[in-house]
Amino acid sequence: MRFLNLIFRNLRRNVLRSLLTSTGVMVLVFVITLIWSILGFLDRATSEKSSNFKGIVTEKWSIPSQMPFAYARTLENGASREDGDVRPEDSMTWQFFIGTIDKNVVGFNSFVFAFCMEPRKLLTMMDELDSLPPGPKAELEKVVETMEKNKQGVIIGQKRLDALNKRVGDKITIFGQNYRDIDLEVEIVGTFPIGRYDNNSCINREYLNASLDAFKARTGKPHRLAEKTLNLVWVRVPDREAFDQLGTQINSSPFFAAPAVKIETASSGVANFLAGYKDLLTIFRWVLAPSILITLAVVISNAISISVRERRKEMAVLKVLGFRPNQILGLVMGEALLLGGIAGAISSIATYYFVNKVLGGIPFPIAFFSSFPVEDGALWWGAAIGLVTAFVGSIIPALSTRSIKIVDVFSKVA
Amino acid sequence: MMQFFDLANAWMLLPASLAAILLTLLLVWAAKIPLIYNLRNLQLRYRTTLLTAVAFTMVIGVLTFMMGFINGLRVLTQSSGIPENVIVLSQGSTDEGISTLAYEDMSDIAQLPQVTRQGDEPLCSREAYMVINQPIDDPQPGRPKRRLLQVRGLDDPVVSANVHGFELLPGSNWFSEAGVRANIDTDKPPMVEVVLGEGIARELGADRSPIEMSSSKDKASLSPGDIIQLESRTLVVAGILKTEGTTFDSEVWAKRSVIGPIFGKNNYTTLVLKTQSKESAMELESFLTGKDPDNKYEKARVNAFTEPNFFKSLGQTNLQLLIGTIFVAIIMAFGGVMGVMNTMFAAISQRMKDIGVLRLLGYGGWQILISFLFESMLIALFGGLLGCAIGFLSNGISMTSVVSSGPGAKAVVFRIVVDAGVLGIGLALSLMMGFFGGLLPAQSAIRLKPLDSLRG
C-alpha cells in the first residue's frame, strides 16, 4: 500500500507530464477501440454459429440477386416435398426498394433505402432487433402492429428521418428509383431503435406487391422488374445438420431452374459481400492497429525515459535508503502501468458510452453496414491496452534504473 | 467542402511545407541563435529525440500508406473515363448491375446525331454487365475463398474496345464470333472464350495451384490459352487487355450471347456511345437526361452520364474512406503532439539555466521561442521524412477494393499511388505536429524570468 502511495505521489509530482502522457494514451486507445470494434463486429458476422443457424437464399450467380416473388412460398417452406424434409423454424423475405422523396433531386437529403418485408419478421428475424431489451421491444411491437393494420405504414431510421427533415406521422411519396414508375405513398409510423438501422427504412411487402399489380392493371403489361422482385430469403434452422439438409432440398428442387438459387449461411453471405474489402480490412487489422499500439508504447516509453533521467539522483537516494533494484524497477513500472491502465480504461469506457448512447454507433459505411456498435469488450480493452503498452514502453527505461550506481550519481553532484 | 477533400489538389501542400521549412530557417537565422546549439541539445538527448521521432515516423508512415491507398482509388476512378463517351443506363439506375435497357431503345439512341459513326454504323458498345459470385475451391494460403467477378458481355469486342480505347497485349486475341471453342474433354460443354483485364489476370493467376503455376508460361498472371474453372463451366483466356490504371482492369469480357444466358443475364445493362468531342458528350448527356425541358429525348426514359462523371460518382467510397482516414490521422497526430510536448517540456526544464544565460546575454523572448520551436520542428521533420519514406515503399503495390456510387459497387484492382500530394500531406501534418507540440513548451520558456532560471 505504501508502495502504491509512493507511485501516486510520483505521478502527482509532475502533473503536466502525467496529463500529457495520459491524454496521448486516451486518444490512441480511442482510435484502437473504434478499429477493433469494427473488426470484431465483422469477424462475428462472418464466423459460423454452432446453433440457431440463419441461411440466406439468393440467386446462384448474379449480384444483386433478383428472383421471382413466386419463389418466396417454396423457399419459406425450405423447398420441402416429403414428410421427413426439414422445414425452417422461421423465415423472412427481402425486397429492396430504392427511392427518393424529391423527384427532381436525388441526393443525401431525399434518398430512401427500404426493405420490403412482413413487418412481424422485424421482431423475430432481424439481427439485433430480435434481441431488444423489453422497453424498446414493446415500442417496436406497437409500430409493427400499426404497420400490419396500415399497409402504407413505413418505419424510417432516425438519422434518415433527420436527413429527410420528416417526423413520425408525416405522409410522404417515395418515387421509385430501381422500380421505375412505382411511387409509394406512405405514412411514417415509427423509427427503429437507435443503432444499426438508423439509415434504413421498412415497408410492408404487401404494399409493394400490390403497387406492382396496380401497375400491371394500369398499363396492361407487367412491370419490367415484376419477375425480379425477391432479393433474398432468410431461413432459420436449429443446427448445421438441418442447414445441410435444407441445402440439399433447395439445390435438388426442380422449382428453382431459372434463375438457379443457392443457400449459404448468413456468415458466408456476409463474407461474400466483404470479400471486396479484404485488403482494406487487412490494412486496418495488420497496419493501422499495430502502428497505433507501437505509437502508444513509444509515447509512454518517452515519458518514462524522461522521468527516469530526471530522477537519477532520487533513485540513488532510494538505493542508499535500502530500496533494492527490483523495487525501484517496480516503482517506475508501476507509474507507467497505473498511468496507462487508468487512462486506457477511462478512454475506452467513455468511448463505449459516448459512441453507443450518443452517436448510436461508429458511422463507417462499409458493404451494407452503415454503423457499428462499440463492442462490450471495450469496457476492459482500454485498461488492457494501456497496461500492455505501458509495460512494453516502460520495461527498458525501468530496467535502466537497476544500473544506476550511487557512487556515479553522487560523484557528479559533488 | 468537396474541394477540401480532393486529393488532386494536395500536391500544393508539398511546396507549402517546403516554404514553412524555409521560413523557419529564416526565423532561426534572424533570431541569431546558433543552429549548432539546438543540434547539440538534440544530440545530447538522443534517446528522447529518437523516441519522439519514431512516434512521428509511425503516424506519418501509416498516414502516407492510407492516403496512398485512397489516392490509388482516386487515380483509378478519374483515369477510367473518356470525356467523349456517354454511358446510358436505365432510368433511376446509377449502377450497371441494376440497369436494364431495351434493345429497341438502345438502337434508337445510337442513331442520335451526336453519336460518331464508323462507316454506316454508330460507334457504340452494347453491353451486359454482371457481377458473378465466384467461389474459389482450395484457395492458396492468404488468398480469398470467393471473389465478386465482374463480367461484361459484349456483342462485338473490337467495336467495344474501340469505344473504350483499349487494345490487346501482344500475343492476345479477341474472342471469336461464336464466343466458344471446343473443350479438350469432348464430353463437356464448349469452353467460353474470355478476354481479361491485366489486373484480374494477375488476381486469377495468383489463385492457381502450385502444379498449375509450374506448368504456366507466365507465373505472375494468366495468359492466353490458360483455363479458368467457374463452377461447372470452363473459360479459356483468348487475350489480355491493356487496361492498367482503369476500372476495366478488373473485368472479364466475353460474348454476351454466350455468357449472359449462363449466368441468367439475358438483357443489356449498358450502352456506351462515342461522340465527336467532350462538348458533344455533355450535350448528349443533357439531352438524354432531360436537363433542358425544351430539348430532351422523349422516346425512352434513361439515365446518362459522360464517362468522367460516371466514374467520378464511383469515387464516393473514396470520400468516405478519406474522411475516415483524416479523422484517424488527426487523432493519431494529437497523440504524437502529446509526445513531442513531453519531450520539449522536459528539454526546457533541463535547460532552465541555459535560458537564463541567453536572456541575460540579451536574447529576447521571441528568439528563445524560435529556438525551441525549431528543435521540435526539426524532430518532426526528421520523423516525418522517415515516415514519408516508409509510406513511399508502398507505392505501386497492387490492391483490391470496392468503388461505389451508392447502391451497387464495383470490385476493382488498383495500385497504391504515393505521389507529391500524399507526401505533401504527410510532411505538412508532420510539421504541424512539430509546431503545435513545440509551441506551448516554447511559450512557457519565454515566460521564465532570467534570474529565476539561473537559480534553477
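Start your tour of this predicted model where chain B meets chain A: the count between them is one salt bridge. To find it, select B:Arg301 and A:Asp181, whose side chains meet at 2.6 Å, N to O. While you're here, turn on polar contacts: chain B and chain A have nine residue pairs of that kind, with both partners at pLDDT 80 or more.

Next, colour the side of chain B that touches chain A by element. The ones giving two or more residues are α3 (46–78), β4 (124–135), β5 (146–154), α11 (316–350) and β13 (398–403) of chain B. Click on α11(B), which hands over 17 residues, the largest share of that side. Now switch to colouring by residue type: you'll get 30 nonpolar, 20 polar and four charged residues on chain B's side.

Zoom out and select the whole contact. You should pick up 54 residues from chain B and 53 residues from chain A. How much area is buried between chain B and chain A? About 5,000 Å², with carbon and sulfur atoms giving 65% of it. On the chain B side, show B:Asn133, B:Arg146 and B:Asn342 as sticks: these lose the most area to chain A, together 13% of what that side buries.

Last stop, a pair of strands across the interface. Select β2 of chain A (residues 62–63) along with β4(B); they pair in the antiparallel sense over two bridges. To see how they line up, label A:Ser62, then look straight across to B:Ile132 in β4(B), which stands opposite.

Methods
Residues numbered from 1 in each chain as written. Chains lettered and ligands numbered in written order. Predicted model: local features only at pLDDT ≥ 70, side-chain atom pairs only at ≥ 80, totals over all residues. Heavy atoms only, no water. Contact = heavy atoms within 4.5 Å. Buried area = accessible area lost by both parts, 1.4 Å probe. Salt bridge = Lys/Arg side-chain N within 4 Å of Asp/Glu carboxyl O. Polar contact = N/O pair within 3.5 Å; in protein donor to acceptor, adjacent residues only side chain to side chain. Helix = DSSP H or I, 4+ residues; strand = E, 2+ residues; numbered from the N terminus. Nonpolar A, V, L, I, M, F, W, Y, C, P; charged D, E, K, R; others polar. Pairing = 2+ DSSP bridges.
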